[in-house]
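This report describes how the helices and strands of one model are arranged. The sequence and structure come before the description.

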Amino acid sequence: MGDYRYEFVVPSEMMDIHLEFSIDKGNHGFNKHYHDWIEIIYLINGDLEVQINNRSRNLKKNEFVVVNPMTIHSTWCRSGNTAILLQIPVAFMERFVPDIREYVIAVDMDSPDLRVQTKLANIRSVLQDLWIAYQFRAEGYIFRCYSLIFELSYILVHSFSRRVPQSEVRKHQKNLERIQKIIDYVQKNHIEPISIREIAEEIGLNEIYFSRFFKENMGMTFLEYVNTVRLERIYVDLLNTDHSIRELQERHGFYNEKVFRRMFRERYGCSPREVRKRD
């Protein structure tokens, strides 16, 4: 489970991009994070819930999602899936489109426009060909991979992007800095009770504005986020330690056992004891 953070993406061998074929067995996800890469997730089969800022989408087979750089997002897979993950650094794209940071890419998978659906089909085809080229690595495969990445980038920028004003870019950056301060505080203090008043004072906001600001940017209430962090820490420790469930529960800030077990089941679809048996 990943904590909300700025994520450092490692490029694939010999290439500027990161490309992988992912097999997820289920009950797994990455909590809120962001990075300076354009991210594309193409779901081959299975299920995947993707949350971008405060909007959620359940991807279906053969659907994909595009996450803009420096955008808060998370993923959650309950039953298992296979997917292609492609991440392209903005620094790479800036070599060819210097003002690429002023673009926002928005893909509507449900558009009734046949021209849009044709372009979406082209993107699927490019992603599939990219993975095949990278997987089999025939002589000169690097050239093939880059040609497909350029084709994909062209379709996204030409057909699915819009420019945003500089003022909007600056506001987004300011919001990210503020969110990061909040989350850093939670990561350090999640085992203690954290009140809205306490965290609002910590970053210099009044309580009402803080609650609205957090929900708008994170897609959940502050309390929901704190409990998500606690649950994920417990889940990891269930898999990697021999400490008792009760000890882990209290170590990570849950002192009401009934509430803890209810929230854990809602999150993971099973009990803490079942997680250990499954492992």
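Are α4 and α6 roughly parallel or roughly perpendicular to each other? Helix α4 (residues 166–189) and helix α6 (residues 207–218) cross at roughly 105°, and their axes come within 11 Å. The two helices are therefore roughly perpendicular to each other. Angles under 35 degrees count as roughly parallel, over 145 as roughly antiparallel, 65 to 115 as roughly perpendicular and the rest as oblique.

The model is predicted: local features need pLDDT of at least 70, side-chain atom pairs count only at pLDDT 80 or more, and totals for chains, interfaces and linings use all residues. Residues are numbered from 1 along each chain as its sequence is written, and side-chain values use heavy atoms, with hydrogens and water left out. Helices (H or I, at least four residues) and strands (E, at least two) are DSSP runs, numbered from the N terminus. Axes are lines fitted to C-alpha atoms, for helices over the stretch in contact, and angles run from 0 to 180 degrees between N-to-C directions.

**Helix packing**

On the α4 side, Asn 175, Arg 178, Ile 179, Ile 182 and Ile 183 meet Tyr 209, Phe 210, Phe 213, Phe 214, Asn 217 and Met 218 of α6. Contact means heavy atoms within 4.5 Å. By class, the contact of α4 with α6 has eight nonpolar residues, two polar and one charged. Ala, Val, Leu, Ile, Met, Phe, Trp, Tyr, Cys and Pro count as nonpolar, Asp, Glu, Lys and Arg as charged, and the others, Gly among them, as polar.

A second helix pair is formed by α2 (residues 114–136) and α3 (residues 141–160), which pack at an angle of about 160° with their axes 9 Å apart. α2 and α3 are therefore roughly antiparallel to each other. The crossing of α2 past α3 is left-handed, a term for a near helix turned anticlockwise from the far one by less than a right angle. Residues making this contact include Leu 120, Ile 123, Leu 127 and Leu 130 of α2 and Leu 148, Leu 152, Ile 155 and Leu 156 of α3. The contact of α2 with α3 divides into 16 nonpolar, two polar and four charged residues.

**The two sheets**

One open sheet has four strands in the order β2-β7-β4-β5, with antiparallel pairing. Its edges are β2 (28–33) and β5 (55–59), each with a single partner strand, so one side of each is left without a neighbour in the sheet. Neighbouring strands are turned by 15° against each other on average, direction ignored.

The order in another open sheet of four strands is β1-β8-β3-β6, again with antiparallel pairing. Here β1 (18–24) and β6 (64–67) stand at the edges with a single partner strand each, so one side of each has no neighbour in the sheet. The twist from one strand to the next averages 15°. Two strands pair if DSSP finds at least two bridges between them.

| Antiparallel pair | Bridges | Opposite residues |
|---|---|---|
| β4 and β5 | five bridges | Val 50 and Arg 57 |
| β3 and β6 | four bridges | Ile 41 and Val 65 |
| β3 and β8 | nine bridges | Tyr 42 and Ile 84 |

Ile 40 also has a residue opposite in β6, namely Val 66. Seven of the ten residues of β3 are buried, so this strand is largely enclosed by the rest of the structure. Buried means under 20% relative accessible area, exposed over 50%, and partly exposed in between (1.4 Å probe, protein chains only). Helix α3 lies across β3, β6 and β8 (81–89), and runs at about 85° to β8.

**Two single residues**

Phe 150 belongs to helix α3. Its relative accessible area is 39%, so Phe 150 is partly exposed. Not counting residues up to four places away in sequence, Phe 150 touches Phe 92 and Phe 96. From Phe 150 to Asn 175 there are 25 residues in sequence and 31 Å in space, C-alpha to C-alpha.

Gln 51 lies in strand β4 and counts as buried at 11% relative accessibility. Leaving aside neighbours within four places in sequence, Gln 51 is in contact with Lys 32, Ser 56, Ile 72, His 73, Ser 74, Met 218, Gly 219 and Met 220.
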